[in-house]
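Me: Please take a close look at one part of this model, the surroundings of a single helix, and then set that part beside other regions of the chain. I would like one connected account.

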Amino acid sequence: MPYTLATFAGECYQFSSISLTHQEATQACSTMNSHLVDLKDEQQQPFLADKIAATSAASNWLATKSAPVAFFNSNGSPFSGPIQWSSSEPAEPCDLCVLLDSSDNYLAKTAPCTEQHNYVCQDDLKPCGQNVCQNGGNCTSCFDDSAAFCDCPDGFDGKTCEINIDECASNPCQNGGSCDDDINSYSCRCLTGFQGDHCESDMDWCSQVQCPPGWVCQDFTFYFQCVYPDPVTSRMAAYQCSSASCPDGMYCTEEGVASFSCKAKNVQEIKIIISRLLGQPEYLTTVDRWSFFKVRAVGSLSNMKVKATCESMGMRLPCHHTSGTEGCTYHWTSDCIPYDAGVSCYTHQVLSEKLCGTTHGYGSYCQPLDDTFVYCPSCWGDEGSAWGVDYETHTTGLHGKNYNNMYALCADIDDCFSSPCAHGTCTDGVASYTCSCENGWTGTNCDQDIDDCFSSPCVHGTCTDGVASYTCSCENGWTGNNCDQEIDECASNPCWLGGTCLDHVNGYSCVCPKDKTGKHCETGLFDGECYEFSTVAASHRDATLACSTNAGRLVDVKDDQLQRFLADKMAATSGVSNWLAMRSAPLQVYYSDGSQSSDSLQWLSEEPSSPLDLCVLLDSSNNYMARTAFCTEQHNYVCQSVVKPCAPNVCQNGGNCTSCFNVSFCDCPDGFDGRACEINIDECASSPCQNGGSCDDDINSYSCRCLNGFQGDHCESTPDWCAQDQCPFDWTCVDHLYYFSCVDPATANRMVPYQCSSASCPDDMYCTEEGVASFSCKAV
């Protein structure tokens, strides 16, 4: 079986990567002489939650389960009926088991035991029969010694502690430095010219070389240049390079009348020269927040040379005396650092005690202090020598002017020690520091919050400044990161059951079909009953109360036609699961050994420890099949009420009035509409009369008055003038749509022109003579 192992508080846990029913999971654990996990203390649940999240991240069975449970209708009668259950829900009995729910921070939740979930097996942890752990690791095992665990010492890793952890894997050494791995540590070997624990600092030419007196040194990274500051008025001749112009290994180039440069032949030569000039500071120890180093000096060890060497490295100067306590100030000046060591007034003795555990011989018996010299004012009059020791001969009080290329004692204090950068990273400098600020912060100490609202980014809202961000609180009716998008309140389709949404400024309204009502058209009729679909979620108890205060009750589903009706309407309204009236009696849950569950298990907020009441809902995630859930969960719900006659009848124009949920419905006679049948439907609104005819509205009917020349119920046809023998005998009739004319075909036989008379045209039409042998009849 695929699994992941972990240990906690002397127990061994095996996390499955497959899903089984509760019964199958119980059997899988027992085949390894273990059991499904019993959760009996508060520390155990967070441990399991963390491990599950890091492995399958799915819900996992616990051993805890309930006894069978029965269900009842809203009136208390035992539930029976053709309701369609979800495939994972047995109709009877309805066994429940407990799992840690991955969708809600792994809090405990009940589910039907037939569901398939991952699971956790539990076994006692004991010493291994044979220690398989290397490098001093401690071995324990579980599940019949099928799994062994090694607790590795620092610096080792792996299943059997076989891996020496490579501390160099993160490349800690900078600027090309080489990393040497050790057990639980590492060290850096720096390229010449770089120094520090991580080779993080580089060479400063002008602090190590000397230009001619009065000349200015300019550092160009890989070489330096000496420039005379006023060549025009002061110099009579151009500078000429000599062997003394540059350090050994560098060549001189005349760059003009009053400047020259010193360069090396190649990068390797630069490294050799830097090494000769600088050397690598060697850390000794830390005393009273001061870190002490010995630094190679070039030339004799005078006080001035020791001071210049320390300053060139960006460090401070310790004196022969510490000046940290009373009586320790004789060989000390204000140029030197003050520190309090306690063990002695002498710097070499203080360092010797820290490094070698002895103050004997003023440091001459401590090898790390060999050939080191300290700044010593007032030593040997005006000689100006630094004070030193030699380890090989255990000699003290060496006069520095008599010794060349030895070590100067220097000190450096961490200016970042006080964490001055409030919201940034501190970089230590010479008697200074620099803050690199996090996003959203500025100022020397990164303590000033940048005002991200300065540009007024919120178009229709109020801006709240954050750290490298801002938040807009939008005015009503606006949305978007910058409150620049107008909200379409109808976009969420808030009007249900066929209602039409009208968008307004910061609001909407619903126009409902005549058999629906409510703010969202959520109340409607079906098969002599009235149903109201809630727009909010509530517990089963609160839903029951909400229905009863509205003269109704939670819906009882007692036939499959009703379930299909409710499913269709739920899908067309909220689209979420809805409570039904059915619920169970209280039940208890038990551990794997049959004992009753204690109060240590952390349940979901809606799951009471006891009693564990179950109610029935139509599950939107599974085609609105019936499913059980804790009655304290929040879900939408459906109220049901009997439709009854109104008292009094509020419907006008002979409408039939019925009511439910304190809401009236009017069944209007033909020709009337509106909530109270108050609207005489305008049958002329569709403009049924054609060809310019006028429409006269009536109750559930209309009539058309046609213009002359048109006829039919909708004035859809024109008269055939010539079909009625309107012209004199043997004359020809010509139909002109709105009138007709009569023409004598034998014009040549006429002796006199035709003259109109009252008999020439039908009533309401007048005659017009159109020539010798024709006339027309037109409407008045």
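Reply: A residue is called buried when its relative accessible area is under 20%, exposed when that area is over 50%, and partly exposed in between. In this predicted model, Y228 is partly exposed because its relative accessible area is 22%. Y228 is placed in the loop between β17 (224-227) and α3 (231-234), and its C-alpha atom is separated by 9.5 Å from that of C211, with the two residues 17 apart along the chain.

The same terms serve for the helix you ask about, α7. The buried residues of α7, which spans residues 540-548, are H540, A543 and C547. These residues cover an arc of only 60° around the axis, and therefore lie on the same side of α7. The face turned away from that buried side carries the exposed residues R541 and L545. As for what the buried side meets, the buried residues of α7 pack against four strands, namely β39 (553-554), β40 (578-584), β42 (614-619) and β44 (636-642).

Another helix, α1, takes part in the largest nonpolar core, which has 19 residues, and of these A25, L36, W61, Y119, C121, C142 and F143 touch the most other members. At least two residues of this core come from each of α1 (22-30), β4 (60-66), β6 (96-101), β8 (118-124) and β11 (147-151), and α1 gives the most, with 3 residues. In soluble globular proteins, nonpolar side chains tend to be buried together. When residues up to four places away in sequence are not counted, C142 touches C12, D123, D124, L125, K126, A147 and F149.

Elsewhere, the unreviewed UniProt entry lists several stretches as "domain: EGF-like", among them residues 449-484 and 486-522. Over residues 449-484 the chain is 0% helix and 36% strand, with the end C-alpha atoms 26 Å apart; over residues 486-522 the chain is 0% helix and 35% strand, with the end C-alpha atoms 27 Å apart.

Further along, an open sheet of 4 strands follows the order β52-β53-β55-β54, with antiparallel pairing. The edge strands, each of which pairs on one side only, are β52 (732-735) and β54 (765-771), and the twist from one strand to the next averages 25°. Within this sheet, β53 (residues 740-743) and β55 (residues 774-779) run antiparallel and are joined by 4 bridges, and S741 stands opposite S776 in β55.

How values were computed
Residues numbered from 1 in each chain as written. Predicted model: local features only at pLDDT ≥ 70, side-chain atom pairs only at ≥ 80, totals over all residues. Heavy atoms only, no water. Buried < 20%, exposed > 50% of the residue type's maximum accessible area, 1.4 Å probe, protein only. Arc of directions from axis to C-beta. Contact = heavy atoms within 4.5 Å. Core = buried A, V, L, I, M, F, W, Y, C linked by side-chain atoms within 4.5 Å. UniProt positions renumbered as here; feature names shortened; annotations may be inferred. Pairing = 2+ DSSP bridges. Axes fitted to C-alpha atoms, helices over the stretch in contact; angles between N-to-C directions.
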